[in-house]
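These are my notebook entries on a structure that I had not examined before. I set down what I looked up, entry by entry.

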Amino acid sequence: MRKVFYLFLGIIICSQIASCAPQAMGDNASPAISRQSVIKVDSDKPREIENAETVLPVDISERLTGFMLDSMPKNGNVNICYSPLSLYFATALIAEGANGETKEGLIKAISSEDLDADELGRICKSLYYTLNAQKGGSDFRIANSVWMDKDITFTQKFVDKASASYSAEMFGADFSSEETERIIGSWVAQNTNNSMSRRVTIDAETVLLVMNTVYFKGEWKELFDPAQTKTGKFKTTDGKNIECSFMHSTALEGTYIKDKEFTMACIPMSSGEKMAFILPAKNKSISGLLEDKTALKKAFYTENADNGLITWSVPKFEFDAENDVKNMLYDMGAKKAFTAGEADFSGIAETGLFISEAKQMLHIAINENGVEASSFTQYEAAAADPGELKKVKMVLDRPFVFVIFNKENMPLFTGVLNDPTLN
């Protein structure tokens, strides 16, 4: 019987804003990537970290924010977490091996129709090295890998492009071996500070696996006092009043936007990043806000926010999330890539490939502290005299949207908290 071939796009993301110290890999950790079921593949064009171009296009933050706006999941009453940055990277990498309408659809799905293939690769290369080179107290890591069936011949052009433009580690793999799953899990753990420990399961029919990991850990610029953390009521989407722990702070300097549809306020981090919280107006549901692209666009573009002294009541939360992004990409124009017999990935291999699965797995947690960090922050120089700042109250006692932005205002993660007690 003729074997059916699959292209499996896997995306693993971790975001954590917490005070936990990194855990060392012990005797029970997954094995190093050196077992016989997996072999390292060398590119003719190795990664050039020292000489990488790190000049980003001026519109990259706006481009990623627009992509986030178009692609954000809307999953009813459950907690949501999603990384537009990770999905952008992984989809761009896959698009490098596509041709014709398949390539056009994938590039359209990530809102980059105005870019040719070479420009997309250059942007991702610059973005990768710029993000990984940032110094400061926060811990940010992004990594790519491509796992290829050892019995299939893949084009050297794709191997070279994935390595040179996306800094992807390239591996030949036996996807029928359980050892391969353990080795891939080890790669994920190594690139997410061991915060993602769930086993990666792979269909034995898979012939190509593309993985992207994003890990972030940061400290608030001004820490919440644990002594002020109190139990309070949170009203869920279905009207239930549940008890959870709320962090409290008075007169915390930050930026905000007050609009008739929402209130947005940001908590700055010590290394220049920020976390935005978007609370819908009392007469607007969280689902109504998610469907209102005009309001979300105002809230997401935080450059126009005012400075203020914000009184915060923020629920502590921690949860895992898994997103099936296949339908999302399908609806955004990448239909051909997911259709057997119509997908054209001849730039990867002559074998007829199509994307069979596209997933994200995430972990996010926030508490009073964060990680150790330097004192650098982008807010200090621009801050007004505290006596001139407007006072704003931000009580997050019902469902809200959150976004984590880096120093350049690029959205790293976004999500919705519907119930802080769910994990």
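**Entry 1. Lys359 and its partner**

I began with Lys359, which counts as partly exposed because its relative accessible area is 29%. The model is a predicted one, and I read every value here as computed from it. Lys359 forms a salt bridge with Glu357, and the closest N and O atoms of the two are 3.1 Å apart. I then looked up Glu357 and found that this residue, at 27% relative accessibility, is partly exposed. From there I turned to salt bridges that share partners, and noted that they join Glu101, Lys336 and Glu342 into one network. For the protein I recorded a count of 13 salt bridges.

**Entry 2. Salt bridges of helix H8**

Which side chain does Lys293 meet in a salt bridge? I found that the partner is Asp70, with a distance of 3.3 Å from N to O. Lys293 belongs to helix H8, residues 293–300, and Asp70 to helix H1, residues 60–71, so this pair ties together parts that lie 223 residues apart in sequence. I checked the accessibility of each partner. Lys293 has 41% relative accessibility and counts as partly exposed. Asp70 has 37% and also counts as partly exposed.

I next looked up Lys298, whose salt bridge is with Asp259; here the closest N and O atoms are 3.4 Å apart. This pair links distant parts of the chain, as Lys298 is in helix H8 and Asp259 is in the loop between strand E8 (241–258) and strand E9 (262–268), 39 residues apart. Lys298 is partly exposed, at a relative accessible area of 44%. For Asp259 I noted 22% relative accessibility, and buried means under 20%, so Asp259 counts as partly exposed.

**Entry 3. Helix H1 against helix H8**

I wished to see how the two helices joined by Lys293 and Asp70 are packed. The axes of H1 and H8 are 11 Å apart, and the packing angle is about 145°. Their crossing is right-handed. On the H1 side I listed Thr65, Met68, Leu69 and Asp70, and on the H8 side Lys293, Leu296, Lys297 and Phe300. By class, the contact of H1 with H8 holds four nonpolar residues, one polar residue and three charged residues. Both partners of the salt bridge, Lys293 and Asp70, are thus listed in this contact.

**Entry 4. Helix H2 and its two neighbours**

At what angle do helix H2 and helix H5 pack? I noted about 150° between H2 (residues 84–95) and H5 (residues 156–166), with the axes 10 Å apart. Angles over 145 degrees count as roughly antiparallel, so H2 is roughly antiparallel to H5. H2 passes H5 in a right-handed crossing. From H2, Phe89, Ala92 and Leu93 meet Phe158, Ala162 and Tyr166 from H5. I sorted the residues of this contact by class and obtained six nonpolar, no polar and no charged.

I then took up H2 with helix H3, residues 100–109, where the axes come within 9 Å and cross at roughly 165°. This angle makes H2 roughly antiparallel to H3. The crossing in which H2 passes H3 is left-handed. The residues in contact are Thr91, Ile94 and Ala95 from H2 and Lys103, Leu106 and Ile107 from H3. I counted the classes in the contact of H2 with H3 as four nonpolar, one polar and one charged.

**Entry 5. Ile366**

Is Ile366 buried or exposed? I found 4% relative accessibility, and Ile366 therefore counts as buried. The residue lies in strand E13, residues 355–366. I also looked up the separation between the C-alpha atoms of Ile366 and Phe319, which is 9.8 Å, although the two residues are 47 residues apart along the chain.

**Entry 6. The protein as a whole**

I closed with the totals. The secondary structure comes to nine helices and 16 strands. Of the 423 residues in the protein, 58% are buried. Among contacts with a separation of 6 or more, residues 24 or more positions apart account for 80%.

Conventions
Residues are numbered from 1 along each chain as its sequence is written. This is a predicted model: local features need pLDDT of at least 70, side-chain atom pairs count only at pLDDT 80 or more; totals for chains, interfaces and linings use all residues. Side-chain values use heavy atoms; hydrogens and water are left out. Axes are lines fitted to C-alpha atoms, for helices over the stretch in contact, and angles run from 0 to 180 degrees between N-to-C directions. Helices (H or I, at least four residues) and strands (E, at least two) are DSSP runs, numbered from the N terminus. Angles under 35 degrees count as roughly parallel, over 145 as roughly antiparallel, 65 to 115 as roughly perpendicular and the rest as oblique. A crossing is left-handed if the near helix is turned anticlockwise from the far one by less than a right angle, and right-handed if clockwise. Contact means heavy atoms within 4.5 Å. Ala, Val, Leu, Ile, Met, Phe, Trp, Tyr, Cys and Pro count as nonpolar, Asp, Glu, Lys and Arg as charged, and the others, Gly among them, as polar. A salt bridge is a side-chain nitrogen of Lys or Arg within 4 Å of a carboxyl oxygen of Asp or Glu. Buried means under 20% relative accessible area, exposed over 50%, partly exposed in between (1.4 Å probe, protein chains only).
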